[in-house]
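Subject: Structure handover

Hello,

Here is the structure for you to take over. My notes on it follow below.

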Amino acid sequence: VPHAAIRPAYSSGVLWAVGFVLMVAGIRDLGYSVGYALDAAGPIMVSSLLSLLVFREIRGRTQTALYFVGFSLQLVGVLLIAANGQA
């Protein structure tokens, strides 16, 4: 294996491990229902925003409208779970 391929693979593995540790800590501190909902939906929301704003993968009025409908429904769902978990 060439050395040029090892460094990015190692770096991504370290980044994944740090993220996983923080996810477990968040679930422990917030509770399973709130922590898991945020850990499951958060990365999807961030990556979909990057897809829309940075990479411009979502184009057209209909696709953008569908994106915002789906994003809004997901956001409302996560907020309801978070509000219910805090009660």
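The aromatic pairs come to 4 in this model, which is a predicted one. In the pair of Trp16 and Phe20, the ring centres are 5.4 Å apart and the planes stand at 10°, so this pair is stacked; the cut-off for stacking is under 30 degrees. Trp16 and Phe20 both belong to helix 1, which covers residues 3–30, and because they are 4 residues apart there, about one helical turn separates them. Trp16 has a relative accessible area of 60% and is therefore exposed, the cut-off being over 50%. Phe20, at 38%, is partly exposed.

Tyr67 and Phe68 make another aromatic pair, in this case edge-to-face. Their centres are 5.1 Å apart, with 70° between the planes. Tyr67 has a relative accessibility of 11% and counts as buried, while Phe68 is partly exposed with a relative accessible area of 41%. Ring pairs also bring in Phe71, giving a cluster of Tyr67, Phe68 and Phe71.

That cluster has a link to helix 2, where Ser48 is located. Which residues does Ser48 contact once its neighbours within four places in sequence are left aside? They are Tyr67 and Phe71, both of them members of the ring cluster. Ser48 itself is buried, with a relative accessible area of 16%, and its partner Tyr67 is buried as well, at 11%.

Further along helix 2, which runs over residues 32–53, is Ser51. Is Ser51 buried or exposed? Its relative accessibility is 12%, so Ser51 counts as buried; the limit for that class is under 20%. With neighbours within four places in sequence set aside, Ser51 is in contact with Arg56, Glu57 and Ile58.

Arg56, one of those contacts of Ser51, sits in the loop between helix 2 and helix 3, the latter being residues 61–86. Its backbone may be worth a look: Arg56 is not a glycine, yet its phi is positive, at about 55°. In terms of accessibility, Arg56 is exposed, at 53%. The contact between Ser51 and Arg56 thus joins a residue that is buried at 12% to one that is exposed at 53%.

Ile58, another contact of Ser51, is also touched by Thr64. Thr64 is part of helix 3. Not counting residues up to four places away in sequence, Thr64 touches Leu52, Ile58 and Arg59. For Thr64 and Leu52, the C-alpha atoms are 8.2 Å apart, with their positions 12 residues apart in sequence.

A second C-alpha distance concerns Phe20, which was described above as part of the stacked pair and which lies in helix 1. Phe20 and Asp39 are 19 residues apart along the chain, and their C-alpha atoms are separated by 9.6 Å.

On the surface there is a nonpolar patch formed by Val46, Leu49, Leu50, Leu53, Val54 and Phe55. Together these residues have about 560 Å² of accessible area. Val46 is in helix 2 and is exposed, with a relative accessible area of 51%. Helix 2 therefore holds both Val46, exposed at 51%, and Ser48, buried at 16%.

How many salt bridges does the structure hold? The count is 1. Side chains of opposite charge can pair when their charged atoms come close. Here the partners are Asp29 and Arg28, and their closest N and O atoms are 3.2 Å apart, against a limit of 4 Å. Both are exposed: Asp29 has a relative accessibility of 58%, and Arg28 has a relative accessible area of 62%.

Last, the confidence values. The mean pLDDT of the protein chain is 90, and 97% of its residues reach 70 or more. Among the elements of the chain, helix 1 has the highest mean pLDDT, at 92, and helix 2 the lowest, at 90.

Regards

Conventions. Residues are numbered from 1 along each chain as its sequence is written. This is a predicted model: local features need pLDDT of at least 70, side-chain atom pairs count only at pLDDT 80 or more; totals for chains, interfaces and linings use all residues. Side-chain values use heavy atoms; hydrogens and water are left out. Rings of Phe, Tyr and Trp (its six-membered ring) pair if their centres lie within 6.5 Å; planes under 30 degrees apart count as stacked, over 60 as edge-to-face and the rest as tilted. Helices (H or I, at least four residues) and strands (E, at least two) are DSSP runs, numbered from the N terminus. Buried means under 20% relative accessible area, exposed over 50%, partly exposed in between (1.4 Å probe, protein chains only). Contact means heavy atoms within 4.5 Å. pLDDT is the predictor's confidence in each residue, from 0 to 100. Patches are made of residues with over 30% relative accessible area and no salt bridge: like charges are joined within 9 Å, nonpolar side chains (Val, Leu, Ile, Met, Phe, Trp, Tyr) within 5 Å. Accessible areas come from the Shrake-Rupley method with a 1.4 Å probe; for residues, only the protein chains shown count as cover. A salt bridge is a side-chain nitrogen of Lys or Arg within 4 Å of a carboxyl oxygen of Asp or Glu.
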